[in-house]
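Hi,

Here is the structure I promised to pass on. Have a look at it first, and then read my notes below with the model open beside you.

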Amino acid sequence: MKNALIYLAVFLAIQVGVTSGVQLLWRLASGSGDMTAMMLIVASGAFSIVTMVVFLLARWAVVSRNYVRSGPWDVLFWCAVAALGAIVPSLWIQERMPELPNLLDVHMDMVLRERWGYVAVGLLAPLVEELVFRGAILRALFCQWKSRPWLCITVSAVIFAVVHGNPAQMPHAFVIGILLGWMYVRTGSIVPGVVYHWVNNTIAYVLYNIFPIPDAQLIMYFGTETRVVLALLCSFCMLIPALFQLNRRM
């Protein structure tokens, strides 16, 4: 547990230090105190790159080609299908929960509406978060409590949800954290999680650009309640078989 907390503290310190430093330099260079979307994107990208470099050089997360060399293309396919199938049910449940404050709306909106924002949200975020939360934190927990894998997965999922810093996203992040942790424990690799995370974030980016409203409801996407119900049924027809196949193939 000690190592997991150290990794978390370093991750947060890098996030605060690098993003604050980039924003300060950006404002000094531009001569303006206004926060811009490109400044946020550059700060997020710099934070992600520095985090990956630190964790890999310190060997807190071990990256190996062995899993990819084993040809797990069927597993990766079903990871993508599971991510697709989980989006609508997750949004449906979130809509029916008590309203929670969305602390990052303004900043995230600015990033998502930019094309370069996809690099930060859709590409770098899945990679660095899987490296840290599964490849380092969950790995450290599992090394300590190997006989209690679900405790390790749950603790890492709680940390993953809380670190998002956005109560409105925490229930979704916790459930996704459980699923990603299960994938890591079963395969010993962050690759399935990266694929799932990438599909999840890509869909979020695309949906926001279709309806650039932070609290967009499912009915806005599908038009009627009947179509929402049909979308839920179609989603479960993807999600349930995908989870069955992952349990069988991982």
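**A buried pair: Val-132 and Thr-51**

Let's start with Val-132, which sits in helix α6, the stretch covering residues 117-144. One thing to keep in mind as you read on: this is a predicted model.

Is Val-132 buried or exposed? Val-132 counts as buried, because its relative accessibility is 0%. Which residues does it touch, if you skip the neighbours within four places in sequence? Val-132 is in contact with Phe-11, Thr-51, Phe-55 and Ile-137. You can also try a distance here: the C-alpha atoms of Val-132 and Tyr-7 are separated by 7.5 Å, and these two residues are 125 apart along the chain.

Now follow the contact to Thr-51, which belongs to helix α2 (residues 37-57). Thr-51 has a relative accessible area of 0%, so this residue is buried. Setting aside its neighbours within four places in sequence, Thr-51 makes contact with Phe-11, Ile-14, Val-128 and Val-132. Phe-11 is worth clicking on, since it turns up in the contacts of Thr-51 and also in those of Val-132.

**The whole chain**

Zoom out next. How many helices and strands are there in the protein chain? The count is 11 helices and zero strands. If you walk along from the N terminus, the elements read α-α-α-α-α-α-α-α-α-α-α.

For overall size, the C-alpha trace spans about 55 × 50 × 35 Å along its principal axes. The radius of gyration is 18 Å, and a compact globule with 250 residues would be near 18 Å, so the two agree. Of the 250 residues, 43% are buried. Take the contacts between residues at least 6 apart in sequence: 78% of them join residues at least 24 apart.

As for the surface, the chain exposes about 13100 Å², and carbon and sulfur atoms supply 68% of that. There are 16 positive and 11 negative side chains, and the centres of these two sets lie 18 Å apart.

**Two prolines in helices**

Pro-89 is in helix α4, which runs over residues 73-95. Its relative accessibility is 7%, which is under the 20% limit, so Pro-89 counts as buried. What does Pro-89 touch, not counting residues up to four places away in sequence? The answer is Leu-232, Ser-235 and Phe-236. If you try Ile-210 instead, 121 residues from Pro-89 along the chain, the two C-alpha atoms are separated by 19 Å.

Pro-171 is in helix α8 (residues 170-187). At 24% relative accessibility, Pro-171 falls between the 20% and 50% limits and therefore counts as partly exposed. The C-alpha atoms of Pro-171 and Gln-94 are separated by 7.6 Å, with their positions 77 residues apart along the chain.

**Two arginines on the outside**

Arg-59 is in the loop between α2 and α3. Is Arg-59 buried or exposed? It counts as exposed, because its relative accessibility is 62%. Check its backbone too: Arg-59 has a positive phi of about 60 degrees, although it is not a glycine.

Arg-69 lies in helix α3, which covers residues 66-69. With a relative accessible area of 63%, Arg-69 is exposed as well. Its C-alpha atom and that of Asn-200 are separated by 24 Å, and the two residues are 131 apart along the chain.

**Cysteines**

Last topic: disulfides. A disulfide is a covalent bond between the sulfur atoms of two cysteines. How many disulfides does a search of the whole structure find? It finds zero. Cys-79 is in no disulfide, and the nearest cysteine sulfur, that of Cys-237, is 19 Å away. Cys-237 is in no disulfide either; its nearest cysteine sulfur belongs to Cys-234 and is 6.2 Å away. Why do these distances rule out a disulfide? The two sulfur atoms would have to be within 2.5 Å.

The surroundings of these cysteines are easy to check on screen. Cys-79 is buried, because its relative accessible area is 0%, whereas Cys-237 counts as exposed, at 59% relative accessibility.

Happy exploring!

Note on methods: Residues are numbered from 1 along each chain as its sequence is written. This is a predicted model: local features need pLDDT of at least 70, side-chain atom pairs count only at pLDDT 80 or more; totals for chains, interfaces and linings use all residues. Side-chain values use heavy atoms; hydrogens and water are left out. Buried means under 20% relative accessible area, exposed over 50%, partly exposed in between (1.4 Å probe, protein chains only). Helices (H or I, at least four residues) and strands (E, at least two) are DSSP runs, numbered from the N terminus. Contact means heavy atoms within 4.5 Å. The radius of gyration is taken over C-alpha atoms; the globule rule is 2.2 Å times the number of residues to the power 0.38. Accessible areas come from the Shrake-Rupley method with a 1.4 Å probe; for residues, only the protein chains shown count as cover. Lys and Arg count as positive and Asp and Glu as negative; His and the chain ends are not counted. The place of a charge is taken as NZ of Lys, CZ of Arg, CG of Asp or CD of Glu.
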